[in-house]
Amino acid sequence: MLVHFNTKNSTVDGNTLNVMESKALKRFARYFANEAEDATVLSIKVADKKFRFKVELTLPYYGFVLRTETYDDVSPIAALDKSMDAMERRMSKSKTKIQNKKHQPIELAPPPVPEEEADPAVYPVVRIKSYEMKPMSVQDAILYMNNLGHSFYTFLNEESGKISTVYRRNEDDYGMIEPL
């Protein structure tokens, strides 16, 4: 497993990053023992946010991209520990759901590279995400949204053939938006 750090706008020193890397490798090595050395990349983002340390973990697991984000006032290592605990819970939950459904993992292709930048508009777009849309059921889309930790997810509905969006409502249930 490879560990990739992104420490933009952070004052974390190299020794702390080495400790964080060794902790992450020890903690997740058992999950990826059968994988090739560089087949799995754990992405760790560390940032200082108003006297707090923020750690984001991103990890591919059973065809899903799992993500956690935690904060800690003491140190980035404590924030990493919290984030690793949350990641293990997500990994366990995802694996159980997939095994119960006898679901085949969804293979994610790398996002396409944009050919050229668009002209600036009245409303500037500060971030663009691209991903391949594969047909899936509404339940699979909700599972994928929850595994990513997002509040909405756009997908190609296999029942209607339309591009749809599922979202989490305030009442802890889900809604879906679909064009006519």
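Tyr 144 has a relative accessibility of 5% in this predicted model and therefore counts as buried, since the term applies to residues under 20% relative accessible area. Tyr 153, at 9% relative accessibility, counts as buried by the same reasoning. The structure holds one aromatic pair, and Tyr 144 and Tyr 153 are the residues that form it. A pair of aromatic rings is described by the distance of the centres and the angle of the planes. For Tyr 144 and Tyr 153 the centres lie 5.1 Å apart and the planes meet at 55°, an arrangement classed as tilted.

Tyr 144 is also one of the buried residues of helix α3. This helix covers residues 138–148, and nine of its eleven residues are buried, so α3 is largely enclosed by the rest of the structure. Among the other buried residues of α3 are Asp 140, Ala 141, Ile 142, Leu 143 and Met 145. Asn 146, Asn 147 and Leu 148 belong to the buried group as well. Just after the helix, Gly 149 adopts a positive phi of about 80°.

The sheet is the next topic. Strands of a sheet pair through backbone hydrogen bonds, either parallel or antiparallel. Here four strands form an open sheet in the order β1-β2-β3-β4, with mixed pairing. Strands β1 and β4 (64–72) stand at the edges with a single partner strand each, so one side of each has no neighbour in the sheet. On average, neighbouring strands of this sheet are turned by 20° against each other when direction is ignored.

Two of the strand pairings are described by their bridges. Strand β1 (residues 2–6) pairs with strand β2 (residues 41–49) in the parallel sense, over five bridges. Strand β2 is joined to strand β3 (residues 52–61) by seven bridges, and these two strands run antiparallel. Individual residues that face one another across these pairings are listed below.

| Residue | Opposite residue | Strand of the opposite residue |
|---|---|---|
| Phe 5 | Ile 44 | β2 |
| Asn 6 | Lys 45 | β2 |
| Lys 49 | Arg 52 | β3 |

How many residues lie between β2 and β3 in their hairpin? There are two residues between these strands, and Lys 50 in the turn has a positive phi of about 50°. A positive phi thus appears at Lys 50 in the turn of the hairpin and at Gly 149 just after α3.

Key
Residues numbered from 1 in each chain as written. Predicted model: local features only at pLDDT ≥ 70, side-chain atom pairs only at ≥ 80, totals over all residues. Heavy atoms only, no water. Pairing = 2+ DSSP bridges. Buried < 20%, exposed > 50% of the residue type's maximum accessible area, 1.4 Å probe, protein only. Axes fitted to C-alpha atoms, helices over the stretch in contact; angles between N-to-C directions. Phe/Tyr/Trp six-rings, centres within 6.5 Å; stacked < 30°, edge-to-face > 60°.
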